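I opened this entry to record what I looked up in the model. I went from the core outward.

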Amino acid sequence: MKRKLIIILAALALVTLFTTQVFAKEMTVEGRLQKTVEPGGWVIAAGNQKYLILNSQRFQNEKWFAEGNEVESSGETKPDVMTTYMEGTPFEARTMRPLAQGGAGAGVLVGLTKVSVTGDSIVHAQPDTAILTVSVVTQGRNALEAQQDNANRSDAVVKALKSAAGAGAEVKTSGYNLQPIRAYKEGQPPTITGYEARNSVTVTMSDLTRVGTVIDATAQAGSNDIAGISFTLRKDRPARDQALTEATREALSKAQVIATALAGRLVRIVEVQEEGVQPPRPIYADQFQMKTMSAAPTPIEVGTLDITSRVQLVAEIEVGPR
């Protein structure tokens, strides 16, 4: 019985030795160093294959042993070794050295670093829309008198406005107000001396060359107050895209400059975040009282709108020796 047991154990030992010799493999691995989920674990990533370095502590004091650096290692795979997460083929490295970049005489990589940069841009665009609000203000001894006078003059103003602005303009009533006019004397309650009616009409137009003509036509028709003129950009998508493109290019250029200054190279863009595109702010003209007659056409200078954009970019840089 004892002899049988000895024979069985010897056979098992031979099988184990044979299995190890069959599946253990001496090889040379080239790839990039990466940390793993294993406590203190490192792998060599070679394409789609990962090799878990079982004796990484042997090389961790080397300056070139850093995440992202490319190395060449000779050793033996250990298929019979079991690890906690089994992230990659177990590999016992006998030798390991860094791979030089760019051929003979090139330095050893220090490692990968990330930089965060921002890019800003301002695009100047011509407005394509004008918004003009004109008002008819009338006064009367009573509310009916002020209202009727205002209605007659407002009708004439709207007709003149539509004619001067052209067929593509949008005309709408933007406000109407009828209120008493009060007189105040010291020591006495206020008294109503009359009424004031205000009818405001807003026109939105794309033909900016007609703005001065519209102001003159409405003044001649009876409007006597202008609440404001603004110029804006309805079709702002091309300008917004241009601003975003220029901001992104500026951020990328900054990352490339930093990489060059560090004697490295830009490896990849890790993250890009648009911090915002500031839409064009309307250009406002000062409020003024309109004249009932204008000897010369009213000059209108449109100007340009500013569209701003900011992009934040995170880049990964492969840094060379210093």
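**Core first**

I am working with a predicted model. I looked up the largest nonpolar core, which has 20 residues. Leu132, Val203, Met205, Val211, Val214, Ile229 and Phe231 touch the most other members. I then asked which elements supply at least two residues each. They are strand E7 (129–140), helix H2 (143–165), strand E9 (191–205), H3 and strand E10 (225–232). I also noted another core, which lies apart from this one. That other core has 14 residues, including Met27, Ile53, Trp64 and Met96.

**Val211**

I listed the contacts of Val211, leaving out residues up to four places away in sequence. Val211 touches Ala130, Met205, Ile229, Phe231 and Ile300.

**Helix H3**

Next I checked which residues of H3 are buried. I found Val211, Gly212, Val214, Ile215, Asp216, Thr218 and Ala219. What do they pack against? The buried residues of H3 pack against E7, H2, E9 and E10. I kept the helix geometry in mind: an α-helix has 3.6 residues a turn, so residues three or four places apart point the same way. After H3 comes Gly222. The phi of Gly222 is positive, near 130°.

**Thr218**

I picked Thr218 for a closer look; it sits in H3, which spans residues 211–221. Is Thr218 buried or exposed? Its relative accessible area is 0%, so Thr218 counts as buried. I then looked for a polar partner of its side chain. A polar atom of the Thr218 side chain lies 3.0 Å from the backbone oxygen of Ile215. I also looked up Leu161. Thr218 and Leu161 are 57 residues apart in sequence, yet their C-alpha atoms are 5.8 Å apart in space.

**Surface**

I moved to the outside and found a nonpolar surface patch of about 220 Å². Leu252, Ile269 and Val272 make this patch. Val272 belongs to strand E11, residues 265–278. Val272 is partly exposed because its relative accessible area is 48%, and the cut-off for exposed is over 50%.

**Whole chain**

I closed with totals. How many helices and strands are in the protein chain? I count four helices and 13 strands. The protein chain has 322 residues, and 36% of them count as buried. For contacts between residues at least 6 apart in sequence, 78% join residues at least 24 apart. The protein chain exposes about 19,400 Å². Carbon and sulfur atoms supply 52% of that area.

Key:
Residues numbered from 1 in each chain as written. Predicted model: local features only at pLDDT ≥ 70, side-chain atom pairs only at ≥ 80, totals over all residues. Heavy atoms only, no water. Buried < 20%, exposed > 50% of the residue type's maximum accessible area, 1.4 Å probe, protein only. Polar contact = N/O pair within 3.5 Å; in protein donor to acceptor, adjacent residues only side chain to side chain. Core = buried A, V, L, I, M, F, W, Y, C linked by side-chain atoms within 4.5 Å. Contact = heavy atoms within 4.5 Å. Patch = residues over 30% accessible without salt bridge, like charges linked within 9 Å, V, L, I, M, F, W, Y side chains within 5 Å. Areas by Shrake-Rupley, 256 points an atom, 1.4 Å probe, with all protein chains shown as cover. Salt bridge = Lys/Arg side-chain N within 4 Å of Asp/Glu carboxyl O.
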